[in-house]
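This report looks at helix packing, buried residues and nonpolar cores, and at some backbone details. Please keep the structure in view while reading.

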Amino acid sequence: MTRFPAELLDSAVLDSIAEFCKSVLAPEAAATDRLARFTTHHMKALSEMGIMGMNVPSEYGGMGLDAATLLESMAMISGTCASTGSMVSAHFLASDSVKFGGNEEQKKKYLPKMASGELFGAFALTEPGAGSDPASMTTTATRDGDHYHIRGTKHFISNAGAADVIVIYAKTDTAAGGKGISAFLVERKNGGVITGQAEPTMGLRGAHAFELSIDAKVPAANRLGDEGTGLRTALKTLDAGRIDIAMCSVGIAEAAFRTAQEWMKTHRVGKTSISDFQGLQWMLADMATDIAAARGLCLEAIRIRMKNERYSHEASMAKLFASEMAGRVTDKALQIHGGYGFTSAYPLERYARDARVMRIYEGTSEIQRNIIARSLLA
Ligand SMILES: Cc1cc2nc3c(=O)[nH]c(=O)nc-3n(C[C@H](O)[C@H](O)[C@H](O)COP(=O)(O)OP(=O)(O)OC[C@H]3O[C@@H](n4cnc5c(N)ncnc54)[C@H](O)[C@@H]3O)c2cc1C
């Protein structure tokens, strides 16, 4: 498949990520899914490659990749092992929250260790009853001298079971709705955060998400930004996260497309190659067109982001289209394989299951439509 324009990409980085995907992630992707093995077993290798810090500026110890190279890398990683892509994306949500919301001291203290993988991160916004509408969250942070006392429950928090640092969003002013939310960087070693079992999920079975029970005393110095600025930090973080999810969707769709393309060239029904069937040819044509359209929307969002302009509208369009596209493409790729596509001997059913959540997390398709419509009518 095509990549973004060459002038936007660091080809040396992409070549080394491609080699890493081939030699480290690919051989284990099917077993990771089958055994629901948390992809933290790849942490050392990912850290050595610099992948855990691809989003962190070089002055804070990261690779400081531009958006195009970073997101092209995420497409490759997710196309190889979507569970690993999701685990890395969730870690980025934590380090991006520090990058966008933290002060200089906090960035210097935490970002280098998060970039090197020494501190593994999680991002805790969602609560039971407050997923699509974070302003209705009930987790509170009450000031107590030089600490805050954070109490509440979060759920579906990726990485949390193994995370060293969790960015927890909580209300410092319960009467102020979204403007009462503040962000805190919570160090697990200080206690007060308990995680349950990983949620059993239909896809991304190697990217574990957990419920959190929080009753923690957190130093006031670990508040990211002023009181009441948490939702702004979360939304800025999610803008970056949504193009990331869009490109992870593109990566899964491209992997499914390539598998189906190869199958069409080699599989026969009786004496006839299935590539002679016009119905399947058209499926392949639609798949390629769908993927190219999703890439176009991602590129539009990336170009605006690279100019340091606001790109929420474009990020939502990219996420909405690419995540829905990944559902269509993985389904067609499975269909092209006939009964084989339905078996776990081939990766099609894994691609279809992994793609499904892209329409749900970091804002459902319905919420992306709300964001797009709001900006169209503003
Ligand atoms: C595998 C996985 C990993 C996750 N990882 C994280 C994580 O690391 N951190 C984190 O904070 N969260 C995480 N989440 C949570 C995820 O972001 C939420 O599940 C998602 O935002 C939807 O929220 P909800 O599940 O509460 O659904 P709800 O908000 O209850 O929505 C239910 C339905 O109502 C629709 N709906 C809601 N509001 C509206 C509206 N205003 N207009 C139209 N339709 C609406 C939704 O689209 C959906 O169809 C994860 C979820 C999963 C499944």
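Axes here are lines fitted to C-alpha atoms, for helices over the stretch in contact, and the angles between them run from 0 to 180 degrees between N-to-C directions. The model under discussion is a predicted one.

## Helix pairs

In this sense, the axes of α4 and α6 come within 9 Å of each other and cross at roughly 160°, which makes α4 roughly antiparallel to α6. The crossing of these two helices is right-handed. On the α4 side the contact is made by A82, S89, F92, L93, D96, S97, F100 and G101, which meet T233, K236, T237, L238, A240, G241, D244, C248 and I252 of α6. Sorted by class, the residues of this contact comprise 8 nonpolar, 6 polar and 3 charged ones.

Helix α4, which spans residues 82-101, also packs with helix α5, residues 104-116, at an angle of about 160° and with the axes 9 Å apart; α4 and α5 are therefore roughly antiparallel to each other. The crossing of α4 and α5 is left-handed. Here α4 contributes H91, A94, S95, V98 and K99, while α5 contributes Q106, K107, L111 and M114, and these residues divide into 4 nonpolar, 3 polar and 2 charged.

A further pair is formed by α3 and helix α7 (residues 278-306), whose axes come within 9 Å and cross at roughly 145°. In this contact A67, A68, L70, L71 and E72 of α3 meet R295, I302, R305 and M306 of α7, and the class count gives 6 nonpolar, no polar and 3 charged residues.

The class counts of the three contacts can be set side by side.

| Contact | Nonpolar | Polar | Charged |
|---|---|---|---|
| α4 with α6 | 8 residues | 6 residues | 3 residues |
| α4 with α5 | 4 residues | 3 residues | 2 residues |
| α3 with α7 | 6 residues | no residues | 3 residues |

## An enclosed helix

Helix α9 covers residues 348-356, and because 7 of its 9 residues are buried, α9 is largely enclosed by the rest of the structure. The buried residues are L348, E349, R350, Y351, R353, D354 and A355, and they pack against α1 (11-34), α3 (67-80), α4, α6 (230-266) and α8 (312-336).

## Cores and buried residues

The largest nonpolar core has 95 residues, and those with the most contacts inside it are M54, I150, I166 and I336. Helix α6 gives the most to this core, with 15 residues. Apart from it lies another core, of 24 residues, with V56, A94, A115 and A130 among them.

The surroundings of M54 can be followed in some detail: leaving aside residues up to four places away in sequence, M54 touches I17, M63, G64, L65, L70, S73, M74, I77 and F92. One of these partners, S73, is found in helix α3 and is buried, with a relative accessible area of 0%. With the same exclusion of sequence neighbours, S73 touches V13, L14, I17, M54 and L65.

Helix α6 holds A260, which is likewise buried, with a relative accessible area of 0%. The contacts of A260, not counting residues up to four places away in sequence, are with L284, M287, A333, I336 and H337. A260 and H337 are 77 residues apart in sequence, yet 7.0 Å apart in space, C-alpha to C-alpha.

A charged residue of α4 that takes part in the contact with α6, D96, is buried as well, with a relative accessible area of 6%. Beyond residues up to four places away in sequence, D96 touches N55, G101, T237 and A240.

## Positive phi in loops

Which residues have a positive phi although they are not glycine? A36 does, with a phi of about 50°, and E362 does, with a phi near 55°. A36 lies in the loop between α1 and α2 (43-48) and is partly exposed, with a relative accessible area of 24%. E362 lies in the loop between α9 and α10 (365-377) and, at 13% relative accessibility, counts as buried, because the cut-off for that class is under 20% relative accessible area.

Technical notes:
Residues are numbered from 1 along each chain as its sequence is written. This is a predicted model: local features need pLDDT of at least 70, side-chain atom pairs count only at pLDDT 80 or more; totals for chains, interfaces and linings use all residues. Side-chain values use heavy atoms; hydrogens and water are left out. Helices (H or I, at least four residues) and strands (E, at least two) are DSSP runs, numbered from the N terminus. Angles under 35 degrees count as roughly parallel, over 145 as roughly antiparallel, 65 to 115 as roughly perpendicular and the rest as oblique. A crossing is left-handed if the near helix is turned anticlockwise from the far one by less than a right angle, and right-handed if clockwise. Contact means heavy atoms within 4.5 Å. Ala, Val, Leu, Ile, Met, Phe, Trp, Tyr, Cys and Pro count as nonpolar, Asp, Glu, Lys and Arg as charged, and the others, Gly among them, as polar. Buried means under 20% relative accessible area, exposed over 50%, partly exposed in between (1.4 Å probe, protein chains only). A nonpolar core is a set of buried Ala, Val, Leu, Ile, Met, Phe, Trp, Tyr and Cys residues joined through side-chain atoms within 4.5 Å.
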